[in-house]
Amino acid sequence: MTALEDCHARGFMWKAIGMCSSLKEDVNKCLRAERLARTAENRERAKEKKAKIQAVWAEIDANS
């Protein structure tokens, strides 16, 4: 990200002729990987939470 900011700081023409594009793509790949990892982790926690809730409801239904 720092390299991209440095590239943008060089001026409008650097951005306009695509000199920062490869850096931007690298930053996007990194951010995408982080987002996908976070999404996978959240999905797993949601599955665990859903399983716990279903177990509680199953116990409530069995005792009713």
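These exercises work through a predicted model of one protein chain.

**Exercise 1. Overall build**

Task: State which secondary structure elements the protein chain has, and how its radius of gyration stands against that of a compact globule.

Solution:
- Step 1. Count the elements. The protein chain has three helices and zero strands.
- Step 2. Read along the sequence. The pattern is α-α-α.
- Step 3. Take the spans. Along its principal axes, the C-alpha trace covers about 70 × 15 × 15 Å.
- Step 4. Set the radius of gyration against the globule value. The protein chain has 23 Å, while a compact globule of 64 residues would have a value near 11 Å.

**Exercise 2. Burial and surface**

Task: Find what percentage of the 64 residues counts as buried, and what supplies the exposed area.

Solution:
- Step 1. Apply the cut-off. Buried means under 20% relative accessible area.
- Step 2. Read off the share. Of the 64 residues, 6% count as buried.
- Step 3. Turn to the surface. The protein chain exposes about 5,700 Å². Carbon and sulfur atoms supply 57% of that area.

**Exercise 3. The nonpolar patch**

Task: Name the residues of the nonpolar surface patch and place Met19.

Solution:
- Step 1. List the members. They are Phe12, Met13, Trp14, Ile17 and Met19. Together they have about 560 Å² of accessible area.
- Step 2. Locate Met19. Met19 lies in the loop between helix H2 (12-16) and helix H3 (21-63).
- Step 3. Classify Met19. Its relative accessible area is 42%, so Met19 is partly exposed.
- Step 4. Look at Trp14 again. The charged end of Arg10 sits over the Trp14 ring, 4.5 Å from the ring centre.
- Step 5. Check for ring pairs. The count of aromatic pairs is zero.

**Exercise 4. The salt bridge**

Task: Identify which residue forms a salt bridge with Glu44, and say where both residues lie.

Solution:
- Step 1. Recall the principle. Side chains of opposite charge can pair when their charged atoms come close.
- Step 2. Find the partner. Glu44 forms a salt bridge with Lys47, and the closest N and O atoms are 3.8 Å apart.
- Step 3. Test the distance. A salt bridge needs the nitrogen within 4 Å of the carboxyl oxygen.
- Step 4. Place the pair. Both Glu44 and Lys47 are in helix H3, three residues apart, about one turn of the helix.
- Step 5. Compare exposure. Glu44 is partly exposed at 42% relative accessible area. Lys47 counts as exposed at 51%.
- Step 6. Count. The structure holds one salt bridge.

**Exercise 5. Lys49**

Task: Is Lys49 buried or exposed?

Solution:
- Step 1. Place Lys49. Lys49 is in helix H3.
- Step 2. Apply the cut-off. Exposed means over 50%. Lys49 has a relative accessible area of 57%, so Lys49 is exposed.
- Step 3. Add a distance. Lys49 and Arg38 are 11 residues apart in sequence and 16 Å apart in space, C-alpha to C-alpha.

How values were computed
Residues are numbered from 1 along each chain as its sequence is written. This is a predicted model: local features need pLDDT of at least 70, side-chain atom pairs count only at pLDDT 80 or more; totals for chains, interfaces and linings use all residues. Side-chain values use heavy atoms; hydrogens and water are left out. Patches are made of residues with over 30% relative accessible area and no salt bridge: like charges are joined within 9 Å, nonpolar side chains (Val, Leu, Ile, Met, Phe, Trp, Tyr) within 5 Å. Accessible areas come from the Shrake-Rupley method with a 1.4 Å probe; for residues, only the protein chains shown count as cover. A salt bridge is a side-chain nitrogen of Lys or Arg within 4 Å of a carboxyl oxygen of Asp or Glu. Helices (H or I, at least four residues) and strands (E, at least two) are DSSP runs, numbered from the N terminus. Buried means under 20% relative accessible area, exposed over 50%, partly exposed in between (1.4 Å probe, protein chains only). Rings of Phe, Tyr and Trp (its six-membered ring) pair if their centres lie within 6.5 Å; planes under 30 degrees apart count as stacked, over 60 as edge-to-face and the rest as tilted. A charge sits over a ring if NZ of Lys or CZ of Arg is within 6 Å of the ring centre and within 35 degrees of the ring normal. The radius of gyration is taken over C-alpha atoms; the globule rule is 2.2 Å times the number of residues to the power 0.38.
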